[in-house]
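Look at the sequence and the structure below before reading on. The text then takes the chains in turn and ends where they meet.

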Amino acid sequence: MAAHKSQMSSNAILDVYFIENRARLIEVAAFLDRLDRAGNAAKGKSDFRYKAFLAALKILVEGKEGRAKELQMLFSDLSPEPLESAAGMKSASGAWKGVGK
Amino acid sequence: MKIIEPHIHMVSRTTDDYQALAISGIYTITEPAFWAGYDRRTAEGFRDYFTQLTGFEHARAAKFGIRHYCWICLNPKEAEDLKLAEDVLAIIPEFLDKPTVLGIGEIGLNKNSRNEIKVLEKHVALAAKRNEMILVHTPHLEDKLKGTRLIMDVILNEKRINPERVMIDHAEEHTVAEIKDKGFWTGLTLYPYSKCTPIRAADIIEINGSDKIWMNSAADWGISDPLATLKAANEMRMRGHSEVLVQKIFYDNPKAFLSQCPKFEAA
C-alpha cells in the first residue's frame, strides 16, 4: 500500500509545528515540576504511570524514526490473556502496570 | 467539499451541531449505538434508545438536509452483565430491518474481559446469521492494542464474516497496519486526549497510505468536535496533499465501505 509523502520541507514543518510543540514540552516540564512540588512526591514517582512517562521521554530523545508508534507500544498492555472481570471498571489509566517488568 | 461523517453520536449533541454539520458540507452521517455515560439497567432502556436512534434522531437530522443512518448493538462498556446482554441481544433483530440501520455496532471490547468477549462473540454470530455489516469500537489507551487483537481473533474465527464488511474504528499508530493487514477496513478517530488529533491522523495517512481507511469525530457527550473531520481535511491540504486524496479519505472511502449495505445512499 502506497504511503503519501508530505509535500512539506523540513523548514516548513518547523515553521508550522515548532511553537506548538515547544509549548507541549514546557507543559511536560511543568507537569514534572508539579509532581516534584507535591507533598507526597515519592509516592507519585513510584506509580507505574510515572515510570512509563519517564521511559517515554527516553524514547523521544533516542532519535529513532517511529517514535509515536513506539510510545503507543510502551503504554500498551502486552499481556495476552483476557481480564477475568471488568465489573466496576470503565476507564483506562493510560499506561500498563506491567511496563518494565 | 462534501464529507461523510461515519461515526458520530448525535443523541448527545445539540441541534446547533446539526446546523454546523450541514453548513460545513456534512450531509451524511452514521451513528453507532454507544454507552450513554451510565449503565442502562434494562433491555427496555435499550429499546427506547434504539427507537430514538432509528426514529427521532433521523427526523432531527432531516430538518437540516442531513441523511442519518445508525448501527445497533449493546456496547462493550455494558457487556459485563451477561443477563442484560442476552436480553438486549434478543431485541436487536427488531431494529436491524429498519430502513436506516446499516448493521451491528459499535461492538468490540472495553477492558478486554472474558464477559465482554462472550458478548462480542454473540454479536458477531448475529451479524453472520443475518449477513449484517459490523462497526467495531476498539478500547482506549493501554487497552487498545490487546483489545484490537482479541477483537480481530473473534471476528476472524467466524468464517461467515467477510473482513471487507467490517470497520475496526479508533485505530492509532500501533494498530492501523495490523488491522489493514488482516483485511479489515479501519478508522481514525479525531478525539482529543484519548484518541487521535487531526495532525497525527494526517501523519498516519502519510505513513500507512489511504486505502480502506476513514476518519471520524466520534463526537459525543465528552470533550469532542463534530467538525473535526474538516480540520483533518484542512491539515492534509495545508501539507500539500491533493484534493483527490482528501476527497478519497473523507468521502469516497466511507461511501465505498458503507455502500456495501444496500440501504445506504450518500448525499
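What follows is a walk through a predicted model.

Begin with chain B, which contains 9 helices and 8 strands. Taken along the principal axes, its C-alpha atoms fill a box of roughly 50 × 40 × 35 Å. How does the radius of gyration of chain B compare with that of a compact globule? For 267 residues a compact globule would have a value near 18 Å, and chain B has 17 Å, so the two agree. Two further numbers describe how chain B is packed. Of its 267 residues, 55% are buried. Among contacts in chain B with a separation of 6 or more, 74% are between residues 24 or more positions apart.

One helix of chain B can be checked by its length. Helix α9 of chain B covers residues 243-258, which is 16 residues. At 1.5 Å a residue it should span 22 Å, and its end C-alpha atoms are 21 Å apart, so the expected span and the computed one agree. The same helix, α9(B), has a kink of about 45 degrees, centred on B:Ile249. B:Ile249 is also one of the buried residues of α9(B). The others are B:Val246, B:Lys248, B:Phe250, B:Tyr251, B:Asn253, B:Pro254, B:Phe257 and B:Leu258.

For contrast, turn to a loop. B:Lys63 sits between α2 (43-62) and β3 (67-72) of chain B. Is B:Lys63 buried or exposed? A residue counts as exposed if 12 or fewer other C-beta atoms lie within 10 Å of its own. B:Lys63 has 11 such neighbours within 10 Å, and therefore it is exposed. The C-alpha atom of B:Lys63 is 9.8 Å from that of B:Thr15, although the two residues are 48 residues apart along the chain.

Next come some details of the backbone. Most residues other than glycine have a negative phi, and most peptide bonds are trans. Chain B has exceptions to both habits, as the following residues show. The peptide bond from B:Gly105 to B:Glu106 is cis, with omega near -5 degrees. B:Glu106 belongs to strand β4 of chain B, residues 101-108.

Two residues in chain B that are not glycine have a positive phi. For B:Leu141 the angle is about 50 degrees, and for B:His170 it is about 60 degrees. B:Leu141 lies in the loop between β5 (133-137) and α5 of chain B, whereas B:His170 lies in strand β6, residues 166-171. A residue is buried if 20 or more other C-beta atoms lie within 10 Å of its own. B:Leu141 has 20 such atoms within 10 Å, so it is buried. B:His170 has 26 C-beta neighbours inside 10 Å, so it counts as buried too.

Now turn to chain A, which has 4 helices and 0 strands. From the N terminus on, its elements run α-α-α-α. The globule rule gives 13 Å for 101 residues, but the radius of gyration of chain A is 18 Å, so chain A is more spread out than a compact globule. Along its principal axes, the C-alpha trace of chain A spans about 50 × 45 × 25 Å. Of the 101 residues of chain A, 9% count as buried. Among contacts in chain A between residues at least 6 apart in sequence, 36% join residues at least 24 apart.

The domain assignment of chain A gives domain 1 (9-40) and domain 2 (46-76). Taken over C-alpha atoms, the centres of these two domains are 15 Å apart. Helix α3 of chain A, residues 48-61, has 14 residues. From its first C-alpha to its last it reaches 21 Å, close to the 20 Å expected at 1.5 Å a residue. After α3(A) comes A:Gly63, which has a positive phi near 80 degrees.

Finally, consider where the two chains meet. The contact takes 34 residues from chain B and 29 residues from chain A. On the side of chain B that touches chain A, α4 (114-130), α5 (144-157) and α7 (198-208) each supply at least two residues. Which element gives the most to this side of chain B? It is α7(B), with 5 residues. By class, the side of chain B that touches chain A has 15 charged, 11 polar and 8 nonpolar residues.

Definitions and conventions: Residues numbered from 1 in each chain as written. Chains lettered and ligands numbered in written order. Predicted model: local features only at pLDDT ≥ 70, side-chain atom pairs only at ≥ 80, totals over all residues. Contact = placed C-beta atoms within 7 Å. Nonpolar A, V, L, I, M, F, W, Y, C, P; charged D, E, K, R; others polar. Domains from an automatic or database assignment. Expected span 1.5 Å × (residues − 1). Bend = angle between axes of the 7 residues up to and from the residue. Rg over C-alpha atoms; globule rule 2.2 N^0.38 Å.
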